[in-house]
Amino acid sequence: MAPSRYSAFPTRDAAVQNLPEFTEITPTADISSGAYGARSKCLQRLIRLDMPVPLSVALPFIEVRAIASGHRPDTRALLEAFGKYPLISVRPSAETADWGGPGTILNIGMNAATTAHLAATIGKEPAEKLYRRFVQSFSVEVARLDAEAFPPGQSLEGALAAYEAEMDEPFPDDPAIQLLEVLRSMARAWEGTTARLLRQAKGAPAEAGLGLVVQRMALGLGQGECGSGVIQFIDQATGAQQIKGRYKSQAQGREALTADAGALYLTRDPRGESLEERCPELFAELLAHGARGRIGLREEMQIEFTVEDGALRILDAVRVPRSARAGVRVAVDLANDGVIPREEALMRVEPQALGELLHPQVDPEGERDVFATGIAASPGAAMGRIVFSAHAAQACAAQGEACVLVRHETSPEDIRGMHAARGVLTERGGVTSHAAVIARGLGVPCVVGASGLAISSRERTMTTADGRVFREGDIISIDGSRGEALAGAAAMLPATLDDGFATFMTWAEEFSDLGVRANADTPQDAETSLRFHADGIGLCRTEHMFFEDDRLTVMREMIFADDAEDRRAALERLLPMQREDLLALFEIMEGKPVCIRLFDPPLHEFLPQNREGVRQLAEAMDLSVSRVNQRIEALREFNPMLGMRGVRLGITVPEIYDMQARAIFEATVEAGRRGAPIEPEIMIPLVSAKREVELVKGRIDSVAAAVRAESGVDFGYQIGVIVETPRAALRAGEIADHVDFMSFGTNDLTQMTYGLSRDDAGRFMGTYVQSGVYPEDPFHILDIEGVGELLLIAAERARGSKRGLTLSICGEHGGNAESIAFCRTAGMDYVSCSPFRVPGARLAAAQLVISEAPERQKATLSQWIARRLRLRQGDRPNEV
């Protein structure tokens with residue numbers, strides 16, 4: 001037999017003799033999370049709270065890294081504190097608990113002598129079982145042997161023999177050598193490539209450090225009441241106060257499961273006793289430790305414990321894993337109880353996590369039969385029958401049936417179907433595609449870019465990448481939070497907008513210094529915006545009002561008109577419809593600002609795209625099919641998004657903007673008469689030159705004068721532009737002289753800056769991000785280096801030309817937490833986003849204010865906010 005590699009116990013390398021090898025965790029020890037890890041620091045806090053924590057020793061990051069590099073710690077010296085028969089565990093201690101680490105190794109120190117020593121108190125069979133389990137775990141986790149050689153029912157002798165056969169040497173008997181090998185194995189596992197990738201996926205840096213904790217084993221074995229378990233004091237799904245846990249009693253040998261009546265019930269105990277009834281003093285001690293830990297650790301913790309002869313030992317405590325809705329409730333409860341300040345409560349919730357509260361969600365514990373994966377475009381979950389057209393979706397809704405609209409990609413003519421559907425699934429598209437933007441505005445769950453699907457609208461089938469075929473009427477579910485489509489009816493969790501959420505958002509409003517408006521096109525959108533406490537409407541897309549059946553027909557008549565007079569006649573029929581729509585918005589918003597974007601899309605979007613639609617239009621308008629096709633062909637453009645749309649349409653077909661301006665002003669007059677006075681903000685889209693603004697503004701002012709004269713009512717209004725082209729950003733200084741505000745439409749501005757189609761970029765954007773071409777999808781997170789520089793240039797030039805000019809962002813980036821930080825830096829007055837993204841945007845803004853607390857401490861809050869306002873008004877343009 002070859003000489004054992006354990007025969008010569010190594011000494012510590014002279015190069016690291018001065019490193020802090022290990023530190024006993026005591027109330028006064030110099031231990032920090034940044035040097036020893038979160039678990040070590042938590043154990044110290046438990047000890048400071050007088051909890052019965054077994055003897056624990058911490059190894060710092062620098063020591064663990066040295067061990068991984070080949071240096072050898074003095075494990076004999078370390079074990080001296082644990083007595084003649086040391087029996088210990090080693091647990092990982094990363095800087096942040098969520099970063100994970102190698103698995104815990106238990107029962108280190110088990111050998112023949114320790115087994116004999118333990119047998120005298122707990123019995124021979126339990127002692128040998130501990131030894132066998134250690135041999136098996138050491139063999140598989142430390143020596144990296146094949147687990148098949150160590151089956152569960154194996155005897156102790158069999159495990160020792162299997163180890164010797166595989167390693168060609170006996171199992172190490174010396175506890176110091178056992179510990180050395182465990183420490184080395186865990187240290188090297190942390191430094192491995194797989195571990196690095198896993199922790200990077202969790203947001204940890206690749207070079208993050210790992211500490212280790214060596215702790216005396218508390219076996220939970222003995223003559224009296226003995227056992228082990230965990231206990232927590234909240235429900236992780238809701239955050240409600242509830243005692244939950246499990247406890248395995250040595251005497252009963254049964255699991256104690258969740259209790260509804262405030263105790264850990266031994267549910268299979270024929271006597272039906274709870275732990276509280278069997279051991280009231282022990283149960284009371286657990287409750288006391290839980291209450292003390294909640295206050296001392298300022299968190300809801302899950303406590304791991306053992307009981308030996310009725311004596312309690314606390315082994316560890318970790319933050320209770322929880323859903324977003326539970327996270328909000330716990331933060332509010334802790335703040336209301338004075339455990340943490342409100343600022344900290346706000347900082348504990350991720351802005352994007354609020355979407356889980358606002359929408360139903362797929363139950364994470366339910367079965368998931370995923371048949372397609374795409375981009376999570378609009379959060380929430382929905383279930384319904386498959387439909388392949390907007391008409392079919394409306395028919396389903398009319399019958400009271402839930403449906404999911406499935407399309408290659410959506411267009412404006414699908415909006416009615418999207419209103420009727422519970423969810424949307426598209427084969428193409430990205431995070432700012434038509435389907436994604438509209439779905440987020442409606443609060444409808446949506447998955448886009450599910451490129452593995454083959455959709456046949458004619459056959460009304462959907463074929464998946466693995467060959468499954470779904471037909472119209474089949475039931476599917478959509479998880480818009482994870483970007484998945486599931487077969488069948490998935491189990492759902494309802495939305496949660498309770499008092500805790502309302503309180504939480506009230507606090508966010510108190511701390512936020514950035515306005516948050518909503519993009520809202522309909523009364524329903526406006527009501528949703530108010531429910532989420534939006535500061536107003538930052539973008540009302542008026543063209544969406546023209547896709548209703550009765551209006552679409554009139555709109556098409558206008559498109560087919562031969563001259564301006566006929567166009568005006570058709571638009572006269574649309575005028576009262578537009579006026580009533582806007583009046584409804586004004587009344588709902590009750591004086592809050594409403595920013596109305598004038599007509600933007602190209603006219604071809606209002607015409608049918610298929611043969612059947614052309615035939616129906618020809619019939620409705622009493623025209624020949626050839627005449628309809630001729631008109632459609634005349635409006636066809638090679639690149640409609642860069643063609644005759646927006647202000648270009650307003651200048652070449654001015655009757656459209658004339659009608660809209662009159663509708664806005666007549667609605668303004670009527671709203672004032674009804675006690676809801678408002679000063680509308682009128683936004684001109686797709687501007688790239690100041691002359692465009694001059695022409696449109698002149699006509700709007702003329703219409704305003706006419707309405708004033710006709711009504712005898714004076715009213716105010718503002719005119720602004722939406723900056724969507726790079727040229728508009730660069731010429732912002734001269735454009736600013738003619739407007740009252742500028743809003744940056746970052747969806748189109750990103751598209752034009754990059755030269756990317758926001759509808760098609762989803763096909764390759766994932767590869768681009770993975771390859772490092774772009775750090776993030778620029779349609780999801782604002783590109784600060786490119787698009788952001790254009791925004792900064794425009795802001796500085798605009799306010800340099802016109803002080804006090806209102807600046808905002810109304811693209812979907814306005815609801816993105818990472819982008820909001822840039823908006824504040826650039827001095828934006830407000831952001832505008834989909835109604836369901838308003839709470840997340842508000843929280844992100846509040847968190848930025850709180851994170852700047854040291855700066856605010858130098859002045860009063862009012863002085864600090866005043867400085868922010870001066871920055872926005874252009875007093876200090878160099879800071880922009």
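Let's start with a pair of strands. β27 and strand β28, residues 741-744, pair in the parallel sense over four bridges. One contact to find on your screens: G720 stands opposite F741 in β28. Before going on, remember that this is a predicted model.

Now look at the other partner of β27. Strand β26, residues 681-684, is joined to β27 by four bridges, and these two strands run parallel. Here E681 stands opposite Q718 in β27. How does the chain get from β26 to β27? It passes through helix α26, residues 690-711. This β-α-β crossover is right-handed.

So how buried is β27? The strand covers residues 718-723, and five of its six residues are buried. That is why we can call β27 largely enclosed by the rest of the structure. While you have strands on screen, one general point. In a regular strand the side chains alternate between the two faces of the sheet.

Next, cysteines. A disulfide is a covalent bond between the sulfur atoms of two cysteines. How many disulfides does the count give here? Zero. The cut-off is a pair of sulfur atoms within 2.5 Å. Take C226. Its closest cysteine sulfur is in C279, and that sulfur is 10 Å away, so the two are too far apart for a bond. C226 is also buried, with a relative accessible area of 1%. Now take C810. C810 is in no disulfide either, and the nearest cysteine sulfur, in C595, is 7.1 Å away. Is C810 buried or exposed? Its relative accessibility is 3%, so C810 counts as buried.

Last topic: empty space inside. Rolling a probe the size of a water molecule over the atoms shows where empty space is left. In this structure there are two cavities of 30 Å³ or more. The largest cavity holds about 50 Å³ of space.

What lines the largest cavity? There are 13 lining residues. Nearest the centre lie G290, G293, R294, M301 and I303. Select those five and you will see where to look.

Which elements supply the lining of the largest cavity? Helix α11, residues 280-296, and strand β8, residues 301-308, each supply at least two residues. α11 gives the most, with four. By class, the lining has seven nonpolar, three polar and three charged residues.

To recap. β27 pairs with β28 and with β26. The disulfide count is zero. And the largest cavity has 13 residues in its lining. Thanks, everyone.

Note on methods:
Residues are numbered from 1 along each chain as its sequence is written. This is a predicted model: local features need pLDDT of at least 70, side-chain atom pairs count only at pLDDT 80 or more; totals for chains, interfaces and linings use all residues. Side-chain values use heavy atoms; hydrogens and water are left out. On a 1 Å grid over the protein atoms alone, a cavity is a set of points where a 1.4 Å probe fits but cannot get out, and a pocket is an open set with protein on both sides within 12 Å along at least five of seven lines; lining residues have an atom within 4 Å of a point. Grid points are joined across faces, edges and corners, and a volume is the space filled by probe spheres set on the points. Ala, Val, Leu, Ile, Met, Phe, Trp, Tyr, Cys and Pro count as nonpolar, Asp, Glu, Lys and Arg as charged, and the others, Gly among them, as polar. Buried means under 20% relative accessible area, exposed over 50%, partly exposed in between (1.4 Å probe, protein chains only). Two strands pair if DSSP finds at least two bridges between them. A crossover is right-handed if, with the strands pointing away from the viewer, the path from the first strand over the helix to the second runs clockwise.
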